[in-house]
Structures are given as C-alpha cells and as structure tokens.
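Work through the exercises below with the sequence and the 3D structure open. Try each task before reading its solution.

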Amino acid sequence: MIDVVLLAGRIVLVILLYLFLIFAAKTGVGLVRSATKSKKGALTVVVSQGPTSLLGTVMPLTSALVIGRAEGSDIFINDPMVSSKHARITPVPDGAILEDLNSTNGTLLNGLKLTIPATLAVGDQIAVGNVILDVGQR
C-alpha cells in the first residue's frame, strides 16, 4: 500500500515539475519578445553639423547619453561653448528625454533654449555649442 502512495507522489511531483518548466519557458519567451519589440524603431541621434570628426556619427538611444566636453562623455565635443557635462538624453519607453545639465551656454531644442527636461521626437534638432544633433529613428 505504501508503495502505491509513494509512486503516486512521485508521479504528481514529476507532473508539477513539468508544469513549472513549461510556464517558466513561456515567460522567458515572452520577455525576449517584448525586449525585441521595444528595440525596433528606437530613437537615434545623428550629428548633422559640427566638427568633421563627428559628422554623420549615429548614436542609438539604448541607454543614457551624456553630451559634453569631458573625456568620459558619450558624445565628446571639444568646443569652448560646451560645458564638461552639458546635456543628457535618457531613453524612456515612449521615446527619450533631453535635459540640460546646468550648462553655461544652454542647450537648444528646435531653436528654443531648454529650461526643463523635454520629450524628444523624430525630427527634433538639438544644438549644443556649434554642434547640431538630429533625432531620428532606426
């Protein structure tokens, strides 16, 4: 009698283990699919005006980008009009946010001085010193 109970317990345990593995695999596949979808059409920043060494540089907005004159900046601009940490572009689920990091000469978004963080859209132009960055889409 005890052998039958132990056998039934083992069968139930194996079934529960398989169910757990199936649900874990489905969840993992769903996470991979949603990550792939979110990267499609991600925003990019393209240097359209500035030093020839930067012209045409395309930076995908997959993580926060710091623009400045400091050596560690993601977009390094060697221009006296640019602060060491001038501006930051941070990707968010529905686009990106541009913020001025208290720069001396300011950051322009579509020709207007940025005073508060602003949401970026495709076609926007960012001016930092003598460099113009165009917001595009992959």
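The exercises go from the whole chain to its sheets, its core and two single residues.

The model is predicted, so local features need pLDDT of at least 70 and side-chain atom pairs count only at pLDDT 80 or more, while totals for chains, interfaces and linings use all residues. Residues are numbered from 1 along each chain as its sequence is written, and side-chain values use heavy atoms, with hydrogens and water left out.

**Exercise 1. Describe the overall make-up and extent of the chain.**

Step 1. Count the elements: there are 1 helix and 11 strands. Helices (H or I, at least four residues) and strands (E, at least two) are DSSP runs, numbered from the N terminus.

Step 2. Read their order along the sequence, which is α-β-β-β-β-β-β-β-β-β-β-β.

Step 3. Look at the extent: the C-alpha trace spans about 85 × 30 × 25 Å along its principal axes.

Step 4. Compare with a globule. The radius of gyration of the chain is 25 Å, whereas a compact globule of 138 residues would have one near 14 Å. The radius is taken over C-alpha atoms, and the globule rule is 2.2 Å times the number of residues to the power 0.38.

**Exercise 2. Place Tyr18 and state whether it is buried or exposed.**

Step 1. Tyr18 lies in helix 1, residues 2-39.

Step 2. Buried means under 20% relative accessible area, exposed over 50%, and partly exposed in between (1.4 Å probe, protein chains only).

Step 3. Tyr18 counts as exposed because its relative accessibility is 55%.

Step 4. Take Thr44 as a second point: Tyr18 and Thr44 are 26 residues apart in sequence and 43 Å apart in space, C-alpha to C-alpha.

**Exercise 3. Work out the strand order of the sheets.**

Step 1. Use the pairing rule: two strands pair if DSSP finds at least two bridges between them.

Step 2. An open sheet of 5 strands follows the order 4-3-5-6-9, with mixed pairing. Strand 4 and strand 9 are its edges, each pairing on one side only.

Step 3. Check one pair in this sheet. Strand 3 and strand 4 run parallel and are joined by 2 bridges; Ile67 stands opposite Ile75 in strand 4.

Step 4. An open sheet of 6 strands has antiparallel pairing and the order 2-1-11-10-7-8. Its edges are strand 2 (58-60) and strand 8 (112-113), each pairing on one side only.

Step 5. Check one pair here too. Strand 1 and strand 2 run antiparallel, with 3 bridges, and Val45 has Met59 in strand 2 as its bridge partner.

**Exercise 4. Find the largest nonpolar core and the strands that supply it.**

Step 1. A nonpolar core is a set of buried Ala, Val, Leu, Ile, Met, Phe, Trp, Tyr and Cys residues joined through side-chain atoms within 4.5 Å.

Step 2. The largest such core has 23 residues, and Ile67, Ile77, Ile89, Leu98, Leu120 and Ile126 have the most contacts inside it.

Step 3. Strands that each supply at least two residues of this core include strand 1 (43-49), strand 5 (87-92) and strand 11 (131-137).

**Exercise 5. Describe the surroundings of His86.**

Step 1. His86 is in the loop between strand 4 (75-76) and strand 5.

Step 2. His86 counts as buried because its relative accessibility is 0%.

Step 3. A polar contact (a pair of N or O atoms within 3.5 Å; within protein, one must be able to donate a hydrogen and the other to accept it, and residues adjacent in sequence count only if both atoms are side-chain atoms) of 3.3 Å joins the side chains of His86 and Thr107.

Step 4. A polar atom of the His86 side chain also lies 3.0 Å from the backbone nitrogen of Ser83.
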